[in-house]
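Welcome to a short tour of a protein model. Keep the sequence and the 3D view side by side as you read, and look up each residue when it is named.

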Amino acid sequence: MSHETPAARRAGRPRSAAADRAILDAARAAIAETGWAGVTLGGVAARAGVAKTTLYRRWPGKNELVLDALADLFDSLRLPDHGSLARDVEGVVLQFAELLREPRTRGALMAVLAEATQDAALRERIRGAIVDRQRHLVLLGRARAQARGELPAEPDAAAADRTADMIFDVIAGSVLHRLLVSAEPVTAAWAKAFATLLTGGLAALTDPAPDPAAGSGDPSAQ
């Protein structure tokens, strides 16, 4: 994620993709090893082998740098198209789990989440840098499922937004709890069972069929 305006980029030296990669890698390593409090922009610059001014031109502060370092990893997630919602969910769950198996990724994420419990502004930045950017995977998966006829359309935009948020929370929360709290592996069998549970519940949640009791005419059902 860039924090420079196009005009500023044209006026200054061109950005180096190699330098950006080195800085983001160094930031992830630093926070995983030292925790949030131990990360400094100068320390990250030294790890990355770049001048401090190179880093300062790109990121105005530690929050922006660390969140960009994490968001860069999560941006690698892709929703596969296996022909069914359940199999697509399986695929993205296994990708997410694979990211979290990397010790530096896991350590960096845990450090950021721990700090965010005490910092409301940081929580908002996490939502913007990671959650909102990855929510598109949920929207894409739902759109595909609706096109296949696996899920009904949701004409109520507010209800559809709530459903999308719930799907994201359930997937992210379940995988994080499985790996980081329960310390159990996310296997192919677990991912398949989870996807079956999620998609079955989602179909029931979005089913527009009317409540049979509402039209039965039985006063006791009212």
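Let us begin with what a surface patch is: patches are made of residues with over 30% relative accessible area and no salt bridge, where like charges are joined within 9 Å and nonpolar side chains (Val, Leu, Ile, Met, Phe, Trp, Tyr) within 5 Å. The accessible areas come from the Shrake-Rupley method with a 1.4 Å probe, and for residues only the protein chains shown count as cover. A salt bridge, in turn, is a side-chain nitrogen of Lys or Arg within 4 Å of a carboxyl oxygen of Asp or Glu.

With that in hand, look for Met 166, Val 170 and Leu 205, which form a nonpolar patch on the surface with about 250 Å² of accessible area together. Met 166 sits in helix α9 (residues 157-181) and is partly exposed, at a relative accessible area of 46%.

Before going on, please note that this is a predicted model, in which local features need pLDDT of at least 70 and side-chain atom pairs count only at pLDDT 80 or more, while totals for chains, interfaces and linings use all residues. Residues are numbered from 1 along each chain as its sequence is written, and side-chain values use heavy atoms, with hydrogens and water left out.

## The overall picture

The protein has 10 helices and 0 strands. Here helices (H or I, at least four residues) and strands (E, at least two) are DSSP runs, numbered from the N terminus. Of its 222 residues, 39% count as buried. Buried means under 20% relative accessible area, exposed over 50%, and partly exposed in between (1.4 Å probe, protein chains only).

## Salt bridges

Side chains of opposite charge can pair when their charged atoms come close. How many salt bridges does the rule give? The count comes to 17. Three of them are set out here.

| Pair | Closest N to O distance |
|---|---|
| Arg 21 and Asp 72 | 2.6 Å |
| Arg 28 and Asp 25 | 2.4 Å |
| Glu 33 and Arg 47 | 2.7 Å |

The bridge between Arg 21 and Asp 72 links distant parts of the chain: Arg 21 belongs to helix α2 (residues 17-34) and Asp 72 to helix α5 (residues 62-74), 51 residues apart. Arg 21 is partly exposed at 38% relative accessibility, and Asp 72 is partly exposed at 22%.

Arg 28 and Asp 25 pair within one helix: they are 3 residues apart in α2, separated by about one helical turn. An α-helix has 3.6 residues a turn, so residues three or four places apart point the same way. Which of the two partners is buried? Arg 28 is, with a relative accessible area of 8%, whereas Asp 25 is partly exposed at 34%.

The bridge from Glu 33 to Arg 47 also joins distant parts of the chain, with Glu 33 in α2 and Arg 47 in helix α3 (residues 41-48), 14 residues apart. Arg 47 counts as partly exposed at 40% relative accessibility. Elsewhere, salt bridges that share partners join Asp 81, Asp 88, Arg 144, Arg 148 and Glu 150 into one network.

Glu 33 has another residue to look for. Its C-alpha atom is 9.6 Å from that of Ala 111, although the two are 78 residues apart along the chain. Ala 111 lies in helix α7 (residues 103-116) and is buried, with a relative accessible area of 14%.

## Following helix α8

Now trace helix α8 (residues 120-148), which has 29 residues. The expected span of a helix is 1.5 Å times one less than its number of residues. For α8 that gives 42 Å, and its end C-alpha atoms are 40 Å apart, which agrees. Still, α8 has a kink of about 40 degrees centred on Arg 127, where the bend at a residue is the angle between axes fitted to the seven residues ending there and the seven starting there.

At the start of α8, a side-chain oxygen of Asp 119 comes to within 3.1 Å of the backbone nitrogen of Ala 121. This is a polar contact, a pair of N or O atoms within 3.5 Å; within protein, one must be able to donate a hydrogen and the other to accept it, and residues adjacent in sequence count only if both atoms are side-chain atoms. Arg 142, also in α8, is buried at 11% relative accessible area, and its side chain reaches the backbone oxygen of Ala 160 at 2.7 Å.

## Two positive phi angles

Just after α8, Gly 149 takes a positive phi of about 85 degrees. Most residues other than glycine have a negative phi. Ala 183 has a positive phi of about 60 degrees although it is not a glycine. Ala 183 is found in the loop between α9 and α10 (188-205), and it counts as exposed at 59% relative accessibility.
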